[in-house]
2 protein chains.
Amino acid sequence: MDNENKYCYKYPHAALTADCVVFGFDGESLAVLLIERGIEPFKGRWALPGGFMRMDETITECARRELLEETGVDIEFVEQFNTFSSVDRDPRERVVTVAHYALVRKSDYKVMAGDDAVKAKWWNIKELPTLAFDHDSILRCAERVLRERIHFEPIGFNLLDEKFTISELQRLYEAILGVQFDRRNFHKKITGLGILVPLDEKDTSGRGRSGQLYSFNEREYNALKNKGMKLEF
Amino acid sequence: MDNENKYCYKYPHAALTADCVVFGFDGESLAVLLIERGIEPFKGRWALPGGFMRMDETITECARRELLEETGVDIEFVEQFNTFSSVDRDPRERVVTVAHYALVRKSDYKVMAGDDAVKAKWWNIKELPTLAFDHDSILRCAERVLRERIHFEPIGFNLLDEKFTISELQRLYEAILGVQFDRRNFHKKITGLGILVPLDEKDTSGRGRSGQLYSFNEREYNALKNKGMKLEF
DNA sequence: ATTAATTGTGTTATGATGACGCAAAGTTAC
DNA sequence: GTAACTTTGCGTCATCATAACACAATTAAT
């Protein structure tokens, strides 16, 4: 018996991986965290961080672990959005991947390549390279899902600092949705939801009038949601 | 070498399955298609139709095939909604399942148990038994996803006959969403979308005034959608 | 014919949305 | 210091979508 292949099954098994599309925001535009592959296949090509699931972890725990190992980034909220299972998506063997997404503020994380990755860095979402495997289509799917979910979940707040201005929030929504809002209508709508807490501080970094700083109150958001209140951003 | 276990890998592999939550409608209430398991584990318990993925099919092709084999029901539109990967969700080995849903008119399908299923039948969604594995939580997740997607996709029309009245459509939406609409406002809103085609026929089966029969024009729907028209049901 | 059930259309009040005006509060240039 | 410029916060108004309800038209049952 081949010692290299000691895990044997009655029926053929596909390998299972988790991949991560990590969105980051710097106040201006969206970025995605990619790694440069250090091993074959697709050695030297950029790809989504991810890897093979172990037997003692769920697929989402796998996504978090692989992301940490390959990029040094440890993210609490990682969520699956689709499973990709084309028969020939990996040249090595049959591999099915469960794609996840996460949203973070870029400034909170120090990116360090590790494991099978020779590099890890943020890429502006408008200037992406061609990716390994079917990761291009996974990424496009992630963008579509993000645009849909941002309307109903407060996931966008993960991308901002603890304290933020309405303008920063607006720039974020505009970057994700690819549209422009009227500044004054956005202000009214977002403050009218009752989930932003005004702080006793202002943002004096801009050139004009200082903007009121707010924080997002997740408990308040959940309370409203449980009451059945309609919350659409 | 054990001839029983001839598929060997360098690293342990989880088994991969597809499960199906098939929703059916009979004009009054929603039902789900379940099978009674004929083999261990959970022999004699009711479960979602589903089974192990082959190496030459995608996970969604697997869902369709297993559904056909176990229930005799062949459904074109089956869509994945979530992957379940708890470490101990199957007592035999590590099994990860990609859950799918489908929506059909009950009258279109003749249900016949096959394969590892000893029975297959429709269960009213309000009177379900306790299911095998973690299928209870998969089913609850499917209901939640269905309620969300029905607002933005015309999936509900799969549950109705080719020709239907506005009242039948309303009963369907009420069954899925668990709410009551004002009959007259629903009528105006749904006809105003411009995706229903009035036919030269009326439904004379009811007790009062005969209702206008409509059909759903999918081409028209897609045309409107591609034009960027907002379509919310 | 009368009654009851059901459908199709209209009316109205209310609230949300989108486009825009304008003053207040800051910074920058001189 | 002051004028010019930038940005923020609040208000107004027309328009559209929604919800609640009235009422006439159509059909079956009696």
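1. Let's start inside chain A. A:Lys119 makes a salt bridge with A:Glu36, and their closest N and O atoms sit 3.1 Å apart. This pair ties together distant parts of the chain: A:Lys119 belongs to strand 8 (residues 117-124) of chain A, A:Glu36 to strand 3 (residues 30-37) of chain A, and 83 residues separate them. Counted over all chains, there are 30 salt bridges. Keep in mind as you read that this is a predicted model.

2. Next, how the two copies relate. A turn of 180°, with a shift of 0.0 Å along the axis, lays chain B on chain A with an RMSD of 0.1 Å. The two copies are therefore related as by a two-fold rotation axis. Both copies use the same surface, since 100% of the contact residues of chain B recur in chain A. Which residue of chain B comes closest to the rotation axis? That is B:Cys8, with its C-alpha at 2.0 Å.

3. Now the contact itself. Chain B gives 31 residues to it and chain A gives 31 residues. Between them the chains bury about 2800 Å², with 58% of that on carbon and sulfur atoms. Three residues are worth finding on screen: B:Tyr9, B:His13 and B:Met55 supply 22% of the area that chain B buries against chain A, more than any other three residues.

4. There is a polar side to this contact too. Between chain B and chain A you'll find 21 residue pairs in polar contact, counting those with both residues at pLDDT 80 or more. On the side of chain B that touches chain A, the elements giving two or more residues are strand 1 (7-9), strand 2 (15-25), strand 6 (79-84) and strand 7 (95-105) of chain B. Sorted by class, that side of chain B has 15 nonpolar, eight polar and eight charged residues.

5. How many salt bridges run between chain B and chain A? The count is two. One of the pairs to look at is A:Lys10 with B:Glu4, which form a salt bridge whose closest N and O atoms are 3.7 Å apart.

6. The strands meet across the contact as well. Strand 1 (residues 7-9) of chain A pairs with strand 1 of chain B in the antiparallel sense, over three bridges. If you want a spot to zoom in on, A:Tyr9 stands opposite B:Tyr7 in strand 1 of chain B.

7. A word on backbone geometry. Most residues other than glycine have a negative phi, and most peptide bonds are trans. In chain A, the peptide bond from A:Glu40 to A:Pro41 is cis, with omega near -5°. A:Pro41 lies in the loop between strand 3 and strand 4 (46-47) of chain A. The loop between strand 3 and strand 4 of chain A also holds A:Phe42, which is not a glycine yet has a positive phi of about 65°.

8. Chain B has a cis bond to check too. B:Glu40 and B:Pro41 are joined by a cis peptide bond, with omega about -5°. B:Pro41 is placed in the loop between strand 3 (30-37) and strand 4 (46-47) of chain B.

9. Last, take a look at both ends of a helix. A:Asp182 caps the N-terminal end of helix 4 (residues 183-192) of chain A, with a side-chain oxygen 3.0 Å from the backbone nitrogen of A:Arg184. What follows helix 4 of chain A? A:Gly194 does, and its phi is positive, near 80°.

Technical notes
Residues are numbered from 1 along each chain as its sequence is written. Chains are lettered from A and ligands numbered from 1 in the order in which they are written. This is a predicted model: local features need pLDDT of at least 70, side-chain atom pairs count only at pLDDT 80 or more; totals for chains, interfaces and linings use all residues. Side-chain values use heavy atoms; hydrogens and water are left out. Contact means heavy atoms within 4.5 Å. Buried area is the accessible area (1.4 Å probe) that two parts lose on being put together, summed over both. A salt bridge is a side-chain nitrogen of Lys or Arg within 4 Å of a carboxyl oxygen of Asp or Glu. A polar contact is a pair of N or O atoms within 3.5 Å; within protein, one must be able to donate a hydrogen and the other to accept it, and residues adjacent in sequence count only if both atoms are side-chain atoms. Helices (H or I, at least four residues) and strands (E, at least two) are DSSP runs, numbered from the N terminus. Ala, Val, Leu, Ile, Met, Phe, Trp, Tyr, Cys and Pro count as nonpolar, Asp, Glu, Lys and Arg as charged, and the others, Gly among them, as polar. Two strands pair if DSSP finds at least two bridges between them. Copies are superposed by least squares on the C-alpha atoms of residues with pLDDT of at least 70 in both.
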